[in-house]
Amino acid sequence: MARIGDTFRLHNNVIDNHLHIIISDPSLNTNLVTANFTSWRIDKDQSCIIEVGEHSFIRNRSCVDYRRENLISLVDYERFLKSGDLVSHEPVSTELLKRILCGAEISPFITFGNRQILVDQGLIDVE
């Protein structure tokens, strides 16, 4: 069963080697909003910067990428996980999840639809 804060990668990391995080509550919506960690650069979204040690996957300064259309149905997520197309990793800590959600609240890049799901779930406030 998927939970907010769970992380995963695509099995074929040639296509996408990022670690993705579920940032919405699967018990409240059948569509999962996700974001992913990406290497930090000054030209990337600065809404949530992650340092080495904040998650076991992080090997260098990173940031959360909110700009992609990161929505997957719960049914597809569970099917891909069962088939091995998605590989589960260590969930983020409660503290890191809070920071990621704060970043989603202020990021100018999160899509309107994904922002609305998080607002409707009470995870972030309307700006």
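C48 is a good place to start: this cysteine is buried, with a relative accessible area of 2%. The model you are looking at is a predicted one. Its structure holds zero disulfides. C48 accordingly is in no disulfide, and the nearest cysteine sulfur, that of C102, is 8.3 Å away. C102 is likewise in no disulfide, with the sulfur of C48 as its nearest at 8.3 Å. Because two cysteine sulfurs must lie within 2.5 Å to count as a disulfide, this pair does not qualify. While C48 is buried, C102 is partly exposed, with a relative accessible area of 47%.

**The nonpolar cores**

Let us move on to the inside of the protein. The largest nonpolar core has 22 residues, and the members that touch the most others are I23, F37, V64, Y66 and I100. Three elements each give two or more residues to this core: β3 (31-39), α2 (94-106) and α3 (112-120). The biggest share comes from α2, with five residues. There is also a second, separate core, made of eight residues, including A2, L32, L74 and Y77.

Y66 has contacts in several places along the sequence. Beyond its neighbours within four places, Y66 is in contact with residues including A35, C48, R99, I100 and F109. Two names here return in this report: C48, the buried cysteine from the opening, and R99, which takes part in a salt bridge with E54.

**Strand β3 and its partners**

Now for a closer look at β3, where T34 and A35 are both found. T34 is buried at 8% relative accessible area, and A35 is buried too, at 1%. What does T34 touch, not counting residues up to four places away in sequence? The answer is F8, H20, I21, I22, I23, N70 and I72. For A35, with neighbours up to four places away again left out, the list is L19, H20, I21, I23, V64, D65, Y66 and N70. A35 and L97 are 62 residues apart in sequence, with their C-alpha atoms 11 Å apart in space.

β3 pairs with strand β5 (residues 62-65) in the antiparallel sense, over four bridges. In this arrangement S39 stands opposite S62 of β5. Strand β4 (residues 49-50) also pairs with β5 in the antiparallel sense, here over two bridges. The bridge partner of I50 in β5 is S62.

**Salt bridges**

Finally, some charged pairs. The model has six salt bridges, and the table shows some of them.

| Acidic residue | Basic residue | Closest N to O distance |
|---|---|---|
| D43 | R41 | 2.9 Å |
| E51 | R61 | 2.8 Å |
| E54 | R99 | 2.2 Å |

In the D43 pair, R41 is partly exposed at 45% relative accessibility. E51 and R61 are 10 residues apart, and each sits in the loop between β4 and β5. E51 is partly exposed at 33% relative accessibility, and R61 is partly exposed at 38%.

Where in the chain do E54 and R99 lie? E54 is in the loop between β4 and β5, whereas R99 is in helix α2, 45 residues apart in sequence, so the pair links distant parts of the chain. E54 is partly exposed, with a relative accessible area of 27%, and R99 is partly exposed as well, at 32%. Helix α2 thus appears twice in this report: it holds R99, and it gives five residues to the largest nonpolar core.

Conventions:
Residues are numbered from 1 along each chain as its sequence is written. This is a predicted model: local features need pLDDT of at least 70, side-chain atom pairs count only at pLDDT 80 or more; totals for chains, interfaces and linings use all residues. Side-chain values use heavy atoms; hydrogens and water are left out. A nonpolar core is a set of buried Ala, Val, Leu, Ile, Met, Phe, Trp, Tyr and Cys residues joined through side-chain atoms within 4.5 Å. Buried means under 20% relative accessible area, exposed over 50%, partly exposed in between (1.4 Å probe, protein chains only). Contact means heavy atoms within 4.5 Å. Two strands pair if DSSP finds at least two bridges between them. A salt bridge is a side-chain nitrogen of Lys or Arg within 4 Å of a carboxyl oxygen of Asp or Glu.
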